[in-house]
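Welcome, and thanks for taking a look at this model with us. Below is a short tour of its empty spaces and of one of its helices.

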Amino acid sequence: MVVEKAAASPPVPVGERRPQKQEPLGRTKKIRQQVTDGFTVKALMKNSVVRGPPIAGAFKERPTKPTAFRKFYERGDFPIALEHDTKGNKIAWKVEIEKLDYHYYLPLFFDGLCEMTFPCEFFARQGIHDMLEHGGNKILPVIPQLIIPIKNALSLRNRQVLCVTLKVLQHLVVSADMVGEALVPYYRQILPVLNIFKNMNVNSGDGIDYSQQKRENIGDLIQETLEAFERCGGETAYINIKYMIPTYQSCILN
């Protein structure tokens, strides 16, 4: 049996031949890169790109929690009322401030430092200043109960709460004798947040920074607070401040 061979196609003339496609010189094939986390097996692969570290969030505001001060205020347990004056609002105390139980009321008012809305914010702030002004010898025994509310307020990292709390701390250390020295053992709870915001100043160039006049510049308030701690904290105050905030310079020794 004879198998017929397929007939060969006739040759194409030279002028009618189609040119073959050639890759241009210097052109390389695109390599798809893969984004991976660091310190993993994929990070060692050839076509992987390591994703950068996440933001630490040291300056990020923390969410607020319901405070005991708001609960007691809405229930009507505080002997206070709002009084409108020509100079602004103030607290009308229904009892004499000197007769208040400071062990009960002062920690509750300090717990209200976390409040940021009217009227709780106003009552907590103004109530603390009124009680510190008339407290005298009643303030010193209550100091250990005030540390956790102060720490909670600073830990929120809210600019408004920070300014109010720093002004309260400046008033607290000069409110009675030995209060500044009583705060020294608690610097480890109070000062870490101040170390974070110590250099937060407004760089306005040749403009006018009105926050200095209103005492709302956090960097300046922290510096004033640390100097008040050193003046009223006794001999060991500077050493303890320097341990927690290494960049602090003494206002007494220098």
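## The enclosed space

In this predicted model, the count of cavities of 30 Å³ or more comes to one. The largest cavity holds about 40 Å³ of space. Its lining is made up of G112, L113, E115, E121, A124, R125, Q160 and V164. The elements that contribute two or more residues to this lining are α3 and α5, the latter spanning 159-173.

Helix α3 provides the largest share of the lining of the largest cavity, with three residues. Sorted by class, the cavity lining has three nonpolar, two polar and three charged residues.

## E121, a residue on the cavity wall

Let's pause at E121, one of the residues that line the largest cavity. E121 sits in helix α3, which covers residues 120-135. Is E121 buried or exposed? E121 counts as buried because its relative accessibility is 15%, and the cut-off for buried is under 20%.

Which residues does E121 touch, once its neighbours within four places in sequence are set aside? The contacts of E121 are then E115, M116, Q160 and V164. Of these partners, E115, Q160 and V164 also appear in the lining of the largest cavity.

## The open pocket

Now for the space that is open. The largest pocket has a volume of about 190 Å³. Its lining includes the run R62, P63, T64, K65, P66 and T67. Also lining this pocket are D111, C114, N152, S155 and L156.

What is the make-up of the pocket lining by class? There are four nonpolar, four polar and three charged residues around the largest pocket.

## Helix α9 and its surroundings

Our last stop is helix α9, which runs over residues 218-232 and has 15 residues. From its first C-alpha to its last, α9 reaches 21 Å, close to the 21 Å expected at 1.5 Å a residue. At the start of this helix, a side-chain oxygen of N217 comes to within 3.3 Å of the backbone nitrogen of G219. After α9 comes G234, with a positive phi near 85°.

The buried residues of α9 are I218, G219, L221, I222, T225, L226, A228, F229 and E230. What do they pack against? Their partners are α5, α6 (179-183), α7 (187-197) and α10 (237-244). Helix α5 may sound familiar, as α5 is also one of the elements that give two or more residues to the lining of the largest cavity.

Technical notes
Residues are numbered from 1 along each chain as its sequence is written. This is a predicted model: local features need pLDDT of at least 70, side-chain atom pairs count only at pLDDT 80 or more; totals for chains, interfaces and linings use all residues. Side-chain values use heavy atoms; hydrogens and water are left out. On a 1 Å grid over the protein atoms alone, a cavity is a set of points where a 1.4 Å probe fits but cannot get out, and a pocket is an open set with protein on both sides within 12 Å along at least five of seven lines; lining residues have an atom within 4 Å of a point. Grid points are joined across faces, edges and corners, and a volume is the space filled by probe spheres set on the points. Ala, Val, Leu, Ile, Met, Phe, Trp, Tyr, Cys and Pro count as nonpolar, Asp, Glu, Lys and Arg as charged, and the others, Gly among them, as polar. Helices (H or I, at least four residues) and strands (E, at least two) are DSSP runs, numbered from the N terminus. Buried means under 20% relative accessible area, exposed over 50%, partly exposed in between (1.4 Å probe, protein chains only). Contact means heavy atoms within 4.5 Å. The expected span of a helix is 1.5 Å times one less than its number of residues. A polar contact is a pair of N or O atoms within 3.5 Å; within protein, one must be able to donate a hydrogen and the other to accept it, and residues adjacent in sequence count only if both atoms are side-chain atoms.
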